[in-house]
Amino acid sequence: MEGALRRKKGVIKPIKVNKGIINLEDYEKEEPLSPSSVIFHKPNFNIHILAMMGCKTTIDVELCKSKTPNTLLKHPRFSSIVVGDLSKGEELKWVRTEVDLDKHFIVPKIDLENIESPEKYLEDYVYNLSKTTLDKSRPLWEIHILHLKLSEDVKGIGIFRIHHSLGDGTSLISLMLALTRKTSDPTALPTIPAQKTYVDDNKHPKLFIWRWILALWWMLVLSWNTLIDVLMFVATSIFLKDKSPLKSSSRGSVVNTSRRFVYKTFSLDDMKFVKTAIGGTVNDVALGITQAGLSRYLNRKYGINGNDHVRLRSVLLINIRPSGGIQALADMMEKDTEAKWGNSFGYVLLPFTIGLRDDPLDYIREAKVTVDRKKNSLEVFYTYFIAEIVKKLFGAKLASALSDKINSHTTIAFSNLVGPMEEIGFYGHPLAFLAPSSYGQPHEVMINFQSYINKMTLVLAVDENAIPDPHQLCDDIVDSLKLVKDAVIAKGLVKNSALPNGCATTEQ
């Protein structure tokens with residue numbers, strides 16, 4: 001029927017709203033959760049996404065509420081509850097429901113006169129949020145609005161809290177950005193940098209032969225890398241655990257522990273400067289300075305210098321079903337079109353090389369080698385298919401146990417998200433920064449990088465039993481970028497014209 005929630009796999013249809021009124025009788029009432037979404041409702045993997053937005057103006061709560069029915073609520077997941085009990089063997093289903101916005105927009109009363117540090121208040125507020133889960137009697141999202149001035153540039157804070165079963169992190173961040181518009185053009189969506197592609201139009205016969213030889217070599221490398229990665233995945237799912245002071249068996253499970261969230265914003269231009277010097281990507285630099293920061297932190301706290309046989313890995317959950325992107329999600333809300341949506345995850349295990357280096361650039365070079373190797377592997381697809389085969393042959397319970405082992409045997413969850421290139425506004429409120437993260441995963445630390453205009457924000461969500469001083473680790477990672485940048489300048493690896501603002505060389 002017209003507008004029903006009948007959907008092709010990985011596609012959602014919007015809810016049609018007439019003058020702010022949703023008639024649920026026009027829509028199908030139930031839909032089973034996908035297997036990947038079900039995983040996020042397990043007690044030991046009950047993941048919630050938190051996305052903080054710093055606003056340059058005081059937030060108008062009533063304005064935000066008035067715009068929500070014709071935007072966010074047109075996404076079916078945001079007007080459905082989850083019904084069913086996994087502990088009783090029941091199937092989980094999305095069930096349509098009426099949405100009471102007063103229960104989804106939460107505005108705490110803040111005694112501003114007795115707050116010594118607004119930054120500490122925000123940190124503690126988010127810390128306390130991580131002690132709780134979303135109420136399953138309502139759609140699994142909410143927006144907390146804090147009338148809290150952090151600086152002259154940040155006069156209000158919005159915090160999205162969304163259950164991960166609603167979608168993968170990239171899709172949910174894309175949906176949030178689809179609610180924003182450029183402040184320079186209130187009708188235009190944010191501009192996200194596109195990934196560059198290389199096209200070689202040279203048809204010379206000799207080059208054609210070399211292409212065949214290189215293609216054969218590439219296939220051999222791809223097959224070998226995939227084989228090694230799949231074997232490591234299987235070993236990790238059975239017995240291979242991380243080995244470091246951050247992964248102590250004496251602390252027990254970290255799944256239900258609260259998380260301390262800290263963040264720091266720094267120059268994206270500095271990361272691009274280093275990227276240009278090594279011929280890599282911003283992702284290479286993000287991974288490299290994370291390795292450097294972790295190495296400095298572990299050396300200072302535990303005396304680890306690289307000869308201690310540390311095994312420290314991150315697990316990346318990658319959605320193999322591509323997101324429709326910001327434009328498609330905006331069209332869904334504005335023009336009632338369909339959009340790609342859904343969770344279909346594969347795993348990538350990313351090793352961190354820990355140890356002190358004489359040359360700070362070695363951290364970036366090592367990271368680039370790791371990332372380049374992962375690009376030449378089909379690990380994410382094979383791990384997805386392995387999980388699917390296990391589920392079909394042995395049932396969801398064993399497939400779930402496989403996921404538990406992978407996550408509990410690794411230490412870090414890592415992501416690097418690309419944000420808008422220009423200033424944007426959320427429902428007309430200009431944003432100063434974006435800081436996404438999550439909690440509920442069985443990892444000791446979650447590390448997120450989020451770019452916005454010419455800035456990068458690093459967000460850590462940590463188990464304080466493993467990392468009691470997260471601000472120090474955050475500083476170590478950010479300070480590592482300065483050390484790497486200074487090394488690039490000292491070695492003269494870039495021309496003066498490529499130097500970021502405020503930098504100059506003394507070479508003649």
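Visitor: Is Lys264 buried, partly exposed or exposed?

Guide: In this predicted model, a residue counts as partly exposed when its relative accessible area falls between the cut-offs of 20% and 50%. Lys264 counts as partly exposed because its relative accessibility is 30%.

Visitor: With which residue does Lys264 form a salt bridge?

Guide: A salt bridge here needs a side-chain nitrogen of Lys or Arg within 4 Å of a carboxyl oxygen of Asp or Glu. Lys264 has Asp475 as its partner, and their closest N and O atoms are 2.8 Å apart. Lys264 sits in strand β10 (residues 260-267) and Asp475 in helix α12 (residues 470-491), so the pair links distant parts of the chain, 211 residues apart. Asp475 is also partly exposed, at 26%.

Visitor: Which residues are joined into one network by salt bridges that share partners?

Guide: Lys120, Glu123, Asp124, Arg260 and Glu464 are joined in this way.

Visitor: How many salt bridges does the count come to?

Guide: The count is 30. One of them joins Lys65 to Asp102, with 2.7 Å between the closest N and O atoms. Lys65 lies in helix α2 (residues 61-67), whereas Asp102 lies in the loop between β5 (93-96) and β6 (105-106), so the salt bridge ties together parts that are 37 residues apart in sequence.

Visitor: Where do Lys65 and Asp102 fall, buried or exposed?

Guide: Take each residue against the cut-offs: under 20% is buried and over 50% is exposed. Lys65 is buried, because its relative accessibility is 15%. Asp102 is exposed, because its value is 54%.

Visitor: What do the side chains of Asp229 and Arg373 form?

Guide: They meet in a salt bridge, at 2.9 Å from N to O. This pair also links distant parts of the chain: Asp229 belongs to helix α5 (residues 205-238) and Arg373 to helix α9 (residues 361-375), 144 residues apart. Asp229 is buried at 4% relative accessibility, while Arg373 is partly exposed at 27%.

Visitor: Which residue has its C-alpha atom 8.5 Å from that of Ser171?

Guide: That residue is Ile326, and the two are 155 residues apart along the chain. Ser171 is in helix α4 (residues 169-178). Ser171 is buried, because its relative accessible area is 2%.

Visitor: How many residues of strand β14 are buried?

Guide: Five of the six residues in β14 (residues 412-417) are buried, which leaves the strand mostly covered. To place a strand, look also at its pairing. Strand β11 (residues 312-319) runs parallel to β14 and is joined to it by two bridges; Ser314 stands opposite Ile412 of β14. Strand β17 (residues 445-452) also pairs with β14 in the parallel sense, over six bridges. Leu417 has Gln450 in β17 as its bridge partner.

Visitor: What is the general idea for the side chains in a regular strand?

Guide: They alternate between the two faces of the sheet.

Visitor: Which residues make the nonpolar surface patch?

Guide: A residue enters a patch only with over 30% relative accessible area and no salt bridge. Here Leu378, Phe381, Tyr382, Phe385, Ile389, Leu393, Phe394 and Leu398 make a patch of about 820 Å². Helix α10 (residues 379-394) gives the most to this patch, with six residues. Phe394 lies in that helix, and Phe394 counts as exposed because its relative accessibility is 57%.

Conventions
Residues numbered from 1 in each chain as written. Predicted model: local features only at pLDDT ≥ 70, side-chain atom pairs only at ≥ 80, totals over all residues. Heavy atoms only, no water. Patch = residues over 30% accessible without salt bridge, like charges linked within 9 Å, V, L, I, M, F, W, Y side chains within 5 Å. Areas by Shrake-Rupley, 256 points an atom, 1.4 Å probe, with all protein chains shown as cover. Helix = DSSP H or I, 4+ residues; strand = E, 2+ residues; numbered from the N terminus. Buried < 20%, exposed > 50% of the residue type's maximum accessible area, 1.4 Å probe, protein only. Pairing = 2+ DSSP bridges.
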